[in-house]
Amino acid sequence: MSTSPPLNEKSDPVVERPHHAHRHTSHMDAETRAIANADAKLSNPLRGIPHDRLMADVEIFAQERGLTHLLPELKKGALVAQDSTCHDRLDIFTDEDKRILTEEVTHKWRQTPTLYYMVVMSSLAAAVQGMDEAVINGAQILYPAQFGIGDSNSKRDSWLVGLINSAPYLCCATISCWLTHPLNHYLGRKKTIFVTCMISFLTCIWSGLTNTWWHLFIARFFLGFGIGPKSATVPVYTAECSPAPIRGALVMMWQMWTAFGIALGDLIDLVFYFIPDTPGVTGLNWRLMLGSAGVPGLIVCMQVLFAPESPRWLISKGRYEDAFNELCRLRFSRVQAARDLYYIHVLLEAENEMKKGRNRVVEMFTIPRNRHAALASWVVMFGQQFCGVNVIAYYSSNIFLASGFSQVAALASSLGFGALNWLFALPAVFTIDTYGRRNLLLFTFPCMAICLLITGFSFWSTSETGRVAGVSIGIYLFAIFYSPGEGPVPFTYSAEAFPLYIRDLGMSFATATTWFWNFVLSITWPSLILAFKPQGAFGWYAAWCCILWVLILLFVRETKGKTLEELDQVFAVPLGTHAAYGLRQIPYGIKKFVLFQNPVAEELYQMESESEVSSTAGDEKARREVKEDLENANA
């Protein structure tokens, strides 16, 4: 399917409305409308298909895939996949079918033991991710002196410590993230998770056995082969195994349990600090810190052997019988399994058709709708690093030491940061859909900037008690503001901003962005704090929080509660128009939140409703046809 060259972006004039409310009518260009049509088809490829044709398609599907013994369940499943409420109106469904399909919505957290087994495994895999990132925080106050790179006033030593700490993320940004697709393509989700967790286990043990700084760098670089693909695979695996009503909440748990892993890693650092050396082993405490992070990865390796494979991956490989069996493990009834099997099949067929003849990489940046999504995703992913959070996650022990804490107190204080980071990530499951992605970011970034300034400026205090208190308060408040905002938003936002036909590429781009800047931040912090001192270093990231607030105001669009068709229209608004809207929000915010006035909110988008009307009419027509055909068949 060929596409025309990208159209020039033109800003529509802002029309003055009553009560001074601006409204921008989102007229989509030809390319964006084509994307919207593609998204509409991909959102439900069965929409509007007449009953007779749908049943004929199911019979052909069953014959071609060797599933004729499942034909009754497949026919029921196809009807429910087309219209999720049809089981209430059609006699083809038994009372048991109706009960299970109804409870799927009314009791959405009532799921099979196998599904919750998969959720526990995925959560532990996320914790492995957090532990891999956190244990170096405590180890780095011990190993540099043993390896001869512990001079805090040496530029060379500062760069080497930063290089060792950032080694996994260098691997993620340059190599391992780009291995995600081939690993998943050839091995599947389960085996990819097994391989990456096994790599995490082996490289963590390897890190604990090193005796030179360059050997530790190599071991941690190879740890990146476990971190990168796992971070992209586990959320996808969770989404592909989960039923639709709870899919979003389960995918959100990746960030929450990664934060838990960071807290657990900080706890392990504190526990193992007190272990003394043994004859022939120097630095046993930091070796155990690094090695212990691999133990949960080994547990996941054993868990994943008994977990179901992703049904979507099995279907993509033509293994329909295996996919149905796995779906039966994940769902309560065979009708649910047949519904998901047939729906995944037609969705994959539609996706493959959409991808034919398109250069998706080029279209991600040449078509304005896609380019706007890529820019917004880049801003939030870049911001997740340059807000300064991983400076604290990776170097909080050193920061607390510099403020006057003892080594034990510094490790305990780092545990406090990890615990707050996790605890305040829990409400994010609710706040992200209540207040919106953009609003959360616009509120929390100024607060994070203030917290970083408090932390940095506290180092000017001549009183050790005041310095320690200021640093602790600044870091802990930073965790409280980061966790419900810039913590969960970037991955959620990037997953929904791109149109469906390039969503996998868009997520790869977003993931590589965050790992690259993670590497930059972690390698430069030791030399940055040496050159700028703590006051200047924290001021640097406070300034970036202010810059990112402006970038979010101008270029990040709200996606909360939008359908696929509405998202296409939101991202079709020209860049200049949206930036001007963002600037006009500044006086509105001052009037509302500073002067406590009640100004009228500006409405930027006036959605084109034709496609929604037509799709709704199509749904109603399809429902009437199904009912009439069944009544005729019964007669």
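## Salt bridges in helix 4

Arg-99 and Glu-96 form a salt bridge in this predicted model. Their closest N and O atoms are 2.6 Å apart. Both residues sit in helix 4, which covers residues 95-106. They are three residues apart, so about one helical turn separates them. Arg-99 is partly exposed, with a relative accessible area of 38%. Glu-96 is partly exposed too, at 41%.

Arg-99 also forms a salt bridge with Glu-103. Here the closest N and O atoms are 3.0 Å apart. Glu-103 lies in helix 4 as well, four residues from Arg-99. That spacing is about one turn of the helix. Arg-99 thus pairs with Glu-96 and with Glu-103. A network of salt bridges links Glu-96, Arg-99, Glu-103 and Arg-110.

## A salt bridge in helix 14

The count of salt bridges comes to 17. One of the pairs is Glu-326 with Arg-329. The closest N and O atoms of this pair are 3.1 Å apart. Helix 14 spans residues 320-330 and holds both partners. Glu-326 and Arg-329 are three residues apart, so the separation is about one helical turn.

The two partners differ in cover. Glu-326 has a relative accessible area of 13%. Buried means under 20%, so Glu-326 counts as buried. Arg-329 has 33% relative accessibility and counts as partly exposed.

## Packing of helices 5 and 9

Helix 5 runs through residues 113-139, and helix 9 through residues 213-241. The two helices pack at an angle of about 155°. An angle over 145 degrees counts as roughly antiparallel, so helix 5 is roughly antiparallel to helix 9. Their axes are 10 Å apart. The crossing of helix 5 and helix 9 is left-handed.

## Buried positions in helices 11 and 24

Arg-287 belongs to helix 11, residues 284-292. Is this arginine buried or exposed? Arg-287 is buried, with a relative accessible area of 10%. Along the chain, Arg-287 and Leu-142 are 145 residues apart. In space, their C-alpha atoms are separated by 9.7 Å.

Gly-506 belongs to helix 24, residues 503-555. The relative accessible area of Gly-506 is 0%. That value is under 20%, so Gly-506 is buried. Ser-494 is 12 residues from Gly-506 along the chain. The C-alpha atoms of Gly-506 and Ser-494 are separated by 7.4 Å.

## A nonpolar surface patch

Which residues form a nonpolar patch on the surface? They are Leu-583, Ile-586, Ile-590, Phe-593, Val-594 and Leu-595. Together they have about 580 Å² of accessible area.

Ile-586 is one of these patch residues. Helix 26, residues 575-594, contains Ile-586. At 34% relative accessibility, Ile-586 counts as partly exposed. Patch residues need over 30% relative accessible area, so Ile-586 meets that cut-off.

How values were computed
Residues numbered from 1 in each chain as written. Predicted model: local features only at pLDDT ≥ 70, side-chain atom pairs only at ≥ 80, totals over all residues. Heavy atoms only, no water. Patch = residues over 30% accessible without salt bridge, like charges linked within 9 Å, V, L, I, M, F, W, Y side chains within 5 Å. Areas by Shrake-Rupley, 256 points an atom, 1.4 Å probe, with all protein chains shown as cover. Salt bridge = Lys/Arg side-chain N within 4 Å of Asp/Glu carboxyl O. Buried < 20%, exposed > 50% of the residue type's maximum accessible area, 1.4 Å probe, protein only. Axes fitted to C-alpha atoms, helices over the stretch in contact; angles between N-to-C directions. Parallel < 35°, antiparallel > 145°, perpendicular 65-115°, else oblique. Left-handed = near helix turned anticlockwise from the far one by under 90°.
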